[in-house]
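Dear colleague,

I am handing over the structure we spoke about, and you will find it just below. Please look it over before reading my notes.

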Amino acid sequence: MAYELYYWPSIQGRGEFVRLALEAADVPYIDVARQPKGINIMLRLMEDGSMLAPPFAPPFLHADGLWIAQTANILMFLGARHGLAPSGEAGKLWANQLQLTMADFVTEIHDTHHPISSNLYYEEQMPEAKRRTKVFLEERAPKFLGYFERIFSRKGSSGWLAGAAMTYPDLSLFQIVSGLTYAFPNAMGRLLPAYPSVKQLHRQVEEIPRVAAYLSSPRRVPFCEEGIFRHYPELDLT
Ligand SMILES: N[C@@H](CCC(=O)N[C@@H](CS)C(=O)NCC(=O)O)C(=O)O
């Protein structure tokens, strides 16, 4: 039976990290909330406290009777099952560690436009967003990107983050670089050349045939100003 992915239908958001893994591994799945009436099914499930492992928030995955939430947790599951994770224990933990670090990064990216509350509109927190984004672009983004660059520059690096082949954290780093480039074209145009291996990883992932096919398909929701990566010109440092 096809896996069921539950995520907000009109944004990439955190669901996109899961979609990329499902697509790269060629795993059949139904993007439930993007089906007619699917959003109602997802909302009902989220209110259903009787589930064995009720999710706090989307994305969550229904796979062979299992209900799995938290992006990094879902990816750990998919990675091990579908050839997108290193095989040994140390490698699996390392992949999860990388993914959790990216989850921290994603939270900080989200907070550039919503530094006060997710329940307020961006327009209600613009001064704080400007302040937060400046610090993010000047200090935090370089710190995260520099960390990933250092991983690639270790002796014997394969050019992939975890082991000799592409694994799920590579897909997620690809998504983060794509999203940051959408959100902050000026700032990233200046920043990214300092991280050549991260840039190269982005290119490598983009060229994987299954990923390339997905990116140009209607299944790929476009970036927009509702998701995590939002382009507000006034936040993009020149
Ligand atoms: N740590 C969770 C965060 C999940 C999350 O924040 N989901 C967002 C959409 S990207 C959401 O719907 N949040 C609702 C809320 O926090 O109230 C993960 O990585 O999956």
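What follows is a description of the sheet and its helices, then of one buried glycine, and then of the pocket and the cavities.

Please keep in mind throughout that this is a predicted model.

To begin with the sheet, four strands make up an open arrangement with mixed pairing, and their order across it is S2-S1-S3-S4. Its edges are formed by strand S2, which spans 29-31, and by strand S4, which spans 66-69, each of them pairing on one side only. Averaged over neighbouring strands, and with direction ignored, the turn of one strand against the next is 20°. Strand S1, covering residues 3-6, runs parallel to S2 and is joined to it by three bridges; within this pairing, Leu5 has Asp31 of S2 as its bridge partner.

Two helices can be placed against these strands. Helix H1, made of residues 15-24, packs on the sheet and touches both S1 and S2, with its direction at about 160° to that of S1. Helix H3, made of residues 71-81, lies across S1, strand S3 (60-63) and S4, and it runs at about 125° to S4.

One residue of H1 deserves a separate word, namely Gly15, which has its place in that helix. Is Gly15 buried or exposed? Gly15 counts as buried because its relative accessible area is 0%, whereas the cut-off for that class is under 20%. Leaving aside residues up to four places away in sequence, Gly15 touches Leu5, Tyr7 and Pro59, and of these Leu5 is the residue already mentioned as the bridge partner of Asp31. Gly15 and Phe60 are also worth viewing together, since they are 45 residues apart in sequence while their C-alpha atoms are 8.3 Å apart in space.

Turning to the open space, the largest pocket holds about 860 Å³. It is lined by 36 residues, of which Tyr7, Arg14, Pro58, His110 and Ile228 are the closest to its centre; Tyr7 is also one of the residues that Gly15 touches. Which helix gives the most to this lining? That is H4, with nine residues, and both H3 and H4, the latter spanning 89-113, supply at least two residues each. Sorted by class, the lining of the largest pocket comprises 21 nonpolar, nine polar and six charged residues.

As for enclosed space, the structure holds two cavities of 30 Å³ or more. The largest cavity has a volume of about 50 Å³, and its lining consists of Ile11, Gln12, Gly13, Pro222, Phe223, Cys224, Gly227, Ile228 and Phe229. Six of these lining residues are nonpolar, three are polar and none is charged.

The second largest cavity has a volume of about 30 Å³. Its lining includes Ile109, Thr112, His113, Ala183 and Phe184, together with Ile228, Phe229, Arg230, Tyr232 and Leu235, and H4 gives the most to it, with three residues. By class, seven residues of this lining are nonpolar, two are polar and one is charged. Ile228 therefore deserves attention when you inspect these spaces, as it appears in the lining of the largest cavity, in that of the second largest cavity, and among the residues closest to the centre of the largest pocket.

With kind regards

How values were computed
Residues numbered from 1 in each chain as written. Predicted model: local features only at pLDDT ≥ 70, side-chain atom pairs only at ≥ 80, totals over all residues. Heavy atoms only, no water. Pairing = 2+ DSSP bridges. Axes fitted to C-alpha atoms, helices over the stretch in contact; angles between N-to-C directions. Contact = heavy atoms within 4.5 Å. 1 Å grid on protein atoms, 1.4 Å probe; cavity = no way out; pocket = protein on both sides within 12 Å on 5 of 7 lines; lining within 4 Å. Points joined across faces, edges and corners; volume = space filled by probe spheres on them. Nonpolar A, V, L, I, M, F, W, Y, C, P; charged D, E, K, R; others polar. Buried < 20%, exposed > 50% of the residue type's maximum accessible area, 1.4 Å probe, protein only.
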